[in-house]
Amino acid sequence: MDRFIIVGNRNLSGEILVSGAKNAILPIMAACLLAPGKSVLKNVPNLIDLKTMSHLLRIIGARIEHNGDTMTIDSTDVCYFEAPYELVSKMRASIYVLGPLLARLGEARVSFPGGCAIGTRPVDLHLQAMESLGAIVNVEHGYINAQASQLAGAEIHFAISSVGATINTLMAAVLAKGVTILNNAAMEPEVDSVIDFLNKMGARISGKGTTSLRIEGVEHLFPVEMSMIPDRIEAGTFLIAAALSHEPVTVTNCEPAHLTILIDKLREAGCQLDVYGSSITIQAPELLNPVNIITLPYPGFPTDLQAQFMVLMTLAKGVSLIEDTIFPDRYMHVAELNRLQANISLNRNIATVKGVPKLSGAEVMATDLRASAALVLAGIAAEGQTIVSRIYHIDRGYDRIETKLMKLGAKISRENA
Ligand code: EPZ
């Protein structure tokens, strides 16, 4: 199993490039199942989760090639409707084939996702929405079985804002007969990106960027070519890495409009940020101000940057409160950061972070994707050597993170232990 050896107390400087957004690409790959023929996705990074999704789509009958940053998905021969346990247990986003398979084949059988390191993560909203569209859904022997000879438009109100349920329902509703209205839909940029992709394929979805979406069902969709949006969480991770350092860093190929709340919070912490087109230059202050955050659905502070921002606050001059309302159990990194001599206490889903003058390198263990990224940032900032084990988590969602950070001056080596 690979691990990172990080020599800390480094100053980062220079330019760092953001890759395509994992959480937009995963559902868009599934959306390709909706239109027979060859779709082409550009700006696709090399990530384990995308390989897992490719594996799943191949099982279903698609042909996939990924060369450089271009992925071609040919779903002409899609004929099999099962997402097996081995793949769903590796990656929950496998649930994204539910809507497209129902719409295209009239049937889907998807292993029921279990819990994961960031919480229990139910899929009830996905299932209720499929039922509202007329599917017969039952869960048996660990599998979700859904059937519908013809999905029919419906008005659906999501009790909770859910990225996954909104996208899955969109992908089912585009080929349903009649009109579907989604209320309290998620507004994350990844949802907008899926809407753009589906509309390019010939779908009729309006209301993008709001919580109310209207989908007029169509009979057929067509394969298309589209470039994937930049990953706002990767960009945010790099901005926070830079905020832990003392030289200017420019994060390029990002979409600053997707990062408004983070930019505000970094400014509140005392950083200077200059936005120019698709680049953001950040310069950290001598000493960071403490800043409170509460994670919320977009445009609120993203839960996927909570762990990284917590690292930043461990070195601020005072106390900050960090509350995760999306995944209240997403705090596995707290104990690991305290191993690096951070001072964080947890009361239910609120972490109190008392700033310390320095972190001290140690051996730590990555527990999930974003927690791993947080530990890497902490290792770069800490004094001495930090070893982060189980870094396979990080390869799920960051394309060569160590290579990118080393270009800025970080000292990280990958070892197979
Ligand atoms: C997506 O997960 C992302 N994953 C997550 O990214 C991200 O943390 C999350 O959205 C929130 O932004 C992908 O895009 C592949 P949700 P998703 O449904 O869709 C509750 C990462 O590190 N809920 O928006 O699963 C749920 O428990 C990750 O890249 C239900 O109760 O998240 C949570 O409290 C991990 N029932 C809230 O809604 C449901 O049926 C929002 O979750 C579905 C969700």
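Start by selecting T166, which has a relative accessible area of 0% and is therefore buried. This is a predicted model, so keep that in mind at every stop. T166 sits in helix α6. Show whatever touches T166, skipping the neighbours within four places in sequence, and you get F158, L182, A185, A186, V191 and L213.

**Next: the ligand**

Helix α6 is a handy way in, as it is among the elements that give two or more residues to the shell around the ligand. Select that shell: it has 22 residues, and the closest are D124, S162, V163, D304 and I326. Colour the shell by residue class and you should find 10 nonpolar, 6 polar and 6 charged.

Now put some distances on the polar pairs:

- D304: a polar side-chain atom lies 2.6 Å from an oxygen atom of the ligand.
- G164: here a polar backbone atom is 2.8 Å from a ligand oxygen.
- R121: an N or O atom in the side chain is 3.0 Å from an oxygen atom of the ligand.

How much of the ligand does the protein bury? Taken alone, the ligand exposes 830 Å², and the protein buries 85% of that. The elements giving two or more residues to the shell are α1 (22-31), α5 (124-132), α6 (163-173) and α12 (369-381). Which of the elements gives the most? Pick α5, which gives 3 residues.

**Next: the two cores**

Hide the ligand and select L41, V97 and L198. These have the most contacts inside the largest nonpolar core, which has 78 residues. Centre on L198 and bring up the residues in contact with L198, again leaving out those within four places in sequence: A31, L34, L170, M171, V174, A203, I205 and L221. Another core lies apart from this one, with 73 residues, including L288, V356, V376 and A381. As background, nonpolar side chains in soluble globular proteins tend to be buried together.

**Next: a buried serine**

Jump to S111, in strand β7 (residues 107-111). Buried or exposed? S111 counts as buried because its relative accessibility is 1%, where the cut-off for buried is under 20%. With residues up to four places away in sequence left out, S111 touches A83, P84, Y85, V88, G142, Y143 and I144.

**Next: a strand residue with some exposure**

For Q385, go to strand β23 (residues 385-389). Q385 has 45% relative accessibility, so it counts as partly exposed. Once neighbours within four places in sequence are set aside, the contacts of Q385 are I5, I6, G361 and A362. Try a distance label from Q385 to L33 as well: the two are 352 residues apart in sequence and 46 Å apart in space, C-alpha to C-alpha.

**Next: helix α11**

Select residues 332-339 to pick out α11, where H333, V334, E336 and L337 are buried. What covers these buried residues? Turn on α10, β20, β22 (363-365) and α12, which are among the elements that do so. Before leaving, step just past the end of α11 to Q341, which takes a positive phi of about 75°.

**Last: some backbone oddities**

Three loop residues round off the tour.

N253 is in the loop between β15 (249-252) and α9 (260-268). N253 is not a glycine, yet its phi is positive, at about 60°. With a relative accessible area of 31%, N253 is partly exposed.

R348 is in the loop between β20 (343-347) and β21 (350-354). Phi of R348 is also positive, near 55°, in a residue other than glycine. Switch on a surface here: R348 is exposed, because its relative accessible area is 75% and the cut-off for exposed is over 50%.

Finish on P299, in the loop between β18 (293-295) and α10 (306-314). Check the peptide bond joining Y298 and P299: this one is cis, with omega about 10°.

Technical notes: Residues are numbered from 1 along each chain as its sequence is written. This is a predicted model: local features need pLDDT of at least 70, side-chain atom pairs count only at pLDDT 80 or more; totals for chains, interfaces and linings use all residues. Side-chain values use heavy atoms; hydrogens and water are left out. A nonpolar core is a set of buried Ala, Val, Leu, Ile, Met, Phe, Trp, Tyr and Cys residues joined through side-chain atoms within 4.5 Å. Buried means under 20% relative accessible area, exposed over 50%, partly exposed in between (1.4 Å probe, protein chains only). Contact means heavy atoms within 4.5 Å. A residue is near a molecule or strand if one of its heavy atoms lies within 4 Å of it. A polar contact is a pair of N or O atoms within 3.5 Å; within protein, one must be able to donate a hydrogen and the other to accept it, and residues adjacent in sequence count only if both atoms are side-chain atoms. Accessible areas come from the Shrake-Rupley method with a 1.4 Å probe; for residues, only the protein chains shown count as cover. Helices (H or I, at least four residues) and strands (E, at least two) are DSSP runs, numbered from the N terminus. Ala, Val, Leu, Ile, Met, Phe, Trp, Tyr, Cys and Pro count as nonpolar, Asp, Glu, Lys and Arg as charged, and the others, Gly among them, as polar.
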